[in-house]
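Here is a short briefing on a predicted model. The topics are charge pairs, a helix and the empty spaces.

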Amino acid sequence: MTNQPIVNVFEDEEHMIGALAERIVDMAAACQKRTGRFVAALSGGNTPRPLYEKLASEPFVSRMDWESCFFFLSDERCVDHASSESNYNMIRQCLLQKAPVPEENIFATRFQEEDPVKSAADYQSIIENFFGNGGAVPAFDLILLGMGPDGHTASLFPGTAALDEKERLVVANFVEKFDAYRITFTLPLINRAEHVFFMVTGHAKSEIVASVLSDESTDYPARLVGQADSDYAGGAENRELCTITWYLDKGASSLLDLAATPT
């Protein structure tokens, strides 16, 4: 069973970022009204950088109840957080230092540059303790994801061991082409979220976007988001599938058959 994605296409990146910022502000307010908090996992890379800067600027920054926002990372590189390669460092500079987010509401990985396996287990414990679900798979209000030119998302790369993980929620995933480990959410955790937003821009990714959204093939990791698997922790029958929404500019969507794609 696969959850049918919603696809939003915008004239350019600027319009896409504006619409996505509006959606996140509204979603946060709705979650805070319903549960008293908004819990999101943010992605790294270059694509979400302008979104974080937009959320940290007016009028959006004044519309968010930052005291009730809690932020995690969907993946992290195994470097010191002061490194320019760190996802947390980018998010901190673009959003978390500029918006009035309480320090205790920010959850970064630990030990990632020293011991990736220990770091992944520690981050899973932090997530489980935060949600306190008594063993159930935690459900984020929002997980923000990007997609690479090879179809990877978070740090779930094609051919890597993390794609087959059924029990653990966070793993240290060895990526051969980088000869390095990445800390990443696994599919059981991502697919338990209430909402997953994909952000993709540029003509360079148009072919992979079309393939992920149009083909039946599950070769690309991004395609596995929103797919139920009865072997996953908790079992597919015990959870709702996440709602998946794609945010694309015209370049990224240029090879899509939009007439056959839900919008």
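Glu194 is partly exposed, at 35% relative accessible area. Its salt-bridge partner is Arg34, with the closest N and O atoms 3.1 Å apart. Arg34 is also partly exposed, at 49%. The two residues sit 160 residues apart, so this pair links distant parts of the chain.

**Salt bridges**

- The model is predicted, and the count of salt bridges in it comes to eight.
- Arg34 belongs to helix α1 (residues 13-35), while Glu194 lies in the loop between α6 (187-190) and β8 (195-200).
- Arg77 pairs with Glu85, and their closest N and O atoms are 3.7 Å apart.
- Arg77 is partly exposed, with a relative accessible area of 26%.
- Glu85 is partly exposed too, at 44% relative accessibility.
- Glu165 forms a salt bridge with Arg168, where the closest N and O atoms are 2.8 Å apart.
- Is Glu165 buried or exposed? Glu165 counts as buried, because its relative accessibility is 13% and the cut-off for buried is under 20%.
- Arg168, at 45%, is partly exposed.
- Glu22, Asp26 and Arg63 are joined into one network by salt bridges that share partners.

**Helix α4**

- Helix α4 covers residues 87-96, and eight of its ten residues are buried, so the rest of the structure largely encloses it.
- The buried residues are Asn87, Tyr88, Asn89, Met90, Ile91, Cys94, Leu95 and Leu96.
- What do the buried residues of α4 pack against? They pack against β2 (38-42), α2 (49-55), β3 (69-73) and β4 (75-77).
- Ser86 caps the N-terminal end of α4. A side-chain oxygen of Ser86 lies 3.2 Å from the backbone nitrogen of Tyr88.

**Largest pocket**

- The largest pocket holds about 420 Å³ of space.
- Its lining counts 26 residues. Gly44, Gly45, Arg77, Gly148 and His152 lie nearest the centre.
- Arg77 thus appears both in this lining and in the salt bridge with Glu85.
- By class, the pocket lining has twelve polar, eight nonpolar and six charged residues.

**Cavities**

- How many cavities of 30 Å³ or more does the structure hold? The structure holds two.
- The largest cavity has a volume of about 70 Å³.
- It is lined by 13 residues, and Ile24, Leu42, Leu55, Phe71 and Leu95 are the closest to its centre.
- Leu95 is also one of the buried residues of α4.
- β2, α2 and β5 (142-145) each supply at least two residues of this lining.
- The lining of the largest cavity has 13 nonpolar residues, with no polar and no charged ones.
- The second largest cavity has a volume of about 30 Å³.
- Its lining is made up of Leu73, Ser74, Asp75, Glu76, Thr109, Tyr123, Val170, Ile183, Thr184 and Phe185.
- Which strand gives the most to the lining of the second largest cavity? β7 does, with three residues.
- β4 and β7 (180-185) each supply at least two residues there.
- The classes in the lining of the second largest cavity are five nonpolar, three polar and two charged.

Key:
Residues numbered from 1 in each chain as written. Predicted model: local features only at pLDDT ≥ 70, side-chain atom pairs only at ≥ 80, totals over all residues. Heavy atoms only, no water. Salt bridge = Lys/Arg side-chain N within 4 Å of Asp/Glu carboxyl O. Helix = DSSP H or I, 4+ residues; strand = E, 2+ residues; numbered from the N terminus. Buried < 20%, exposed > 50% of the residue type's maximum accessible area, 1.4 Å probe, protein only. 1 Å grid on protein atoms, 1.4 Å probe; cavity = no way out; pocket = protein on both sides within 12 Å on 5 of 7 lines; lining within 4 Å. Points joined across faces, edges and corners; volume = space filled by probe spheres on them. Nonpolar A, V, L, I, M, F, W, Y, C, P; charged D, E, K, R; others polar. Contact = heavy atoms within 4.5 Å. Polar contact = N/O pair within 3.5 Å; in protein donor to acceptor, adjacent residues only side chain to side chain.
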